[in-house]
Amino acid sequence: MTSLAQIIAGMTPDGPAQQAHIPETWMQGRTAFGGLVAALGVETALRADPDLPPLRSAQMMFMAPPTSEARFEAEILRRGRSTGFVGLSCESAGKACARGTFVFGAPRDSEVRHDRFPLPGHLPGPEDSRLVAPREQGPAFFHNFEVRRAAGALPLSGATEPEFHLWVRLNERADLAPVIAMTCIADCPPPAALTAMTAPAPVATISWQLDVARIPDRVEWVLLHSTSQAAGDGYSVQNMDLWSPEGYRIAGARQMVAIFG
């Protein structure tokens with residue numbers, strides 16, 4: 001298995017862009033795993049401006065499937081004293097595959113400080129949660145993660161409440177910047193709308209937004225809560241929340257998913 005750190009180490013300059021090789025073990029059907037694309041986008045932004053402050057928000061639009069060779073290019077849209085806005089383009093096989101916008105912001109003094117959505121105390125920890133084994137016919141990228149179900153429905157179970165809590169971590173975590181690991185992990189779970197289905201059908205992420213509250217100094221386990229808020233006409237609107245094992249909120253996310261069945 002090629003680790004995320006190895007993929008990043010293998011990225012090479014291509015003019016103003018970065019060229020990346022995406023192995024089959026990080027594919028999701030015929031496309032590269034979206035969390036990997038977002039993580040490589042953040043890495044490309046940081047290479048374009050190594051002095052960017054911490055990541056605060058990431059917005060991704062997925063338009064076409066990137067294949068094994070992808071070209072990432074970052075454009076510094078605005079660089080202020082405390083914030084930086086970076087645009088990202090991802091192309092593969094001569095086609096536009098993804099577009100992104102990243103917002104980086106330095107910490108500032110503020111009297112406003114609260115965490116109103118701490119880690120749910122009634123849920124078991126990762127060691128006491130049931131391992132979700134990768135399915136033989138499942139997406140290849142899933143083998144790069146250890147996933148444990150803390151609560152909620154299973155995919156294809158016909159659930160009337162399409163949501164779940166999962167503990168997730170990368171199998172290979174060494175030599176990864178926390179922001180890169182967290183971005184990749186945040187997109188690991190399948191769409192919660194899958195739990196409402198009773199038979200397999202293709203699904204695809206259209207848009208994905210990650211808003212960061214606090215990135216841990218070291219990313220190990222992350223608890224993800226995913227819920228499908230509404231679904232119809234072949235689309236699902238989804239919310240996601242991420243917590244650290246220590247109990248504080250890492251980030252919130254929003255996703256639009258296309259359902260082909």
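**Exercise 1. Find how many salt bridges the whole structure holds, and describe three of them.**

A search of the whole structure gives 10 salt bridges, a salt bridge being a side-chain nitrogen of Lys or Arg within 4 Å of a carboxyl oxygen of Asp or Glu. The model is predicted, so local features need pLDDT of at least 70 and side-chain atom pairs pLDDT 80 or more, while totals for chains, interfaces and linings use all residues. Residues are numbered from 1 along each chain as its sequence is written, and side-chain values use heavy atoms, with hydrogens and water left out.

Step 1. Take E146 and R169, whose closest N and O atoms are 3.1 Å apart. This pair links distant parts of the chain: E146 belongs to strand β10 (residues 145-152) and R169 to strand β11 (residues 163-170), 23 residues apart. Helices (H or I, at least four residues) and strands (E, at least two) are DSSP runs, numbered from the N terminus. E146 has a relative accessible area of 17% and is buried; buried means under 20% relative accessible area, exposed over 50%, and partly exposed in between, with a 1.4 Å probe and protein chains only.

Step 2. Take R249 and D241, which meet in a salt bridge of 2.7 Å, N to O. D241 counts as buried at 17% relative accessibility.

Step 3. Take E220 and R218, with closest N and O atoms 3.1 Å apart. R218 is exposed, its relative accessible area being 62%. Shared partners join E146, R148, R169, R173, R218 and E220 into one network of salt bridges.

**Exercise 2. Describe the largest pocket and the second largest pocket by volume and lining.**

Step 1. State the terms. The search runs on a 1 Å grid over the protein atoms alone; a pocket is an open set of points where a 1.4 Å probe fits, with protein on both sides within 12 Å along at least five of seven lines, and lining residues have an atom within 4 Å of a point. Grid points are joined across faces, edges and corners, and a volume is the space filled by probe spheres set on the points.

Step 2. The largest pocket has a volume of about 1,400 Å³. Its lining has 48 residues, and Q28, P139, P191, L194 and V203 are the closest to its centre. Two or more lining residues come from each of β4 (31-32), α2 (34-48), β9 (130-131), β11, β12 (203-212) and β15 (249-259). The largest share, 4 residues, is from β12.

Step 3. Sort that lining by class: 35 residues are nonpolar, 8 polar and 5 charged. Here Ala, Val, Leu, Ile, Met, Phe, Trp, Tyr, Cys and Pro count as nonpolar, Asp, Glu, Lys and Arg as charged, and the others, Gly among them, as polar.

Step 4. The second largest pocket holds about 690 Å³ of space. It is lined by 16 residues, with R56, V112, R113, H114 and A213 nearest its centre. By class, this lining has 7 nonpolar, 2 polar and 7 charged residues.

**Exercise 3. State where H225 lies and which residues it is in contact with.**

Step 1. H225 is part of strand β13 (residues 222-232). With a relative accessible area of 14%, H225 is buried.

Step 2. Neighbours within four places in sequence are left aside; H225 is then in contact with E163, F164, H165, N239, M240, D241 and W243. Contact means heavy atoms within 4.5 Å.

Step 3. The side chains of H225 and E163 are joined by a polar contact of 2.6 Å. A polar contact is a pair of N or O atoms within 3.5 Å; within protein, one must be able to donate a hydrogen and the other to accept it, and residues adjacent in sequence count only if both atoms are side-chain atoms.

**Exercise 4. Decide whether A38 and T67 are buried, partly exposed or exposed, and list their contacts.**

Step 1. A38 lies in helix α2 and is buried, at a relative accessible area of 1%. Beyond its neighbours within four places in sequence, A38 is in contact with M60, F102, T183 and W208.

Step 2. T67 is in the loop between β5 (55-62) and β6 (69-79). T67 is partly exposed, with a relative accessible area of 32%.

Step 3. Apart from neighbours within four places in sequence, T67 is in contact with I22, M27 and S92. The side chains of T67 and S92 make a polar contact of 2.8 Å.
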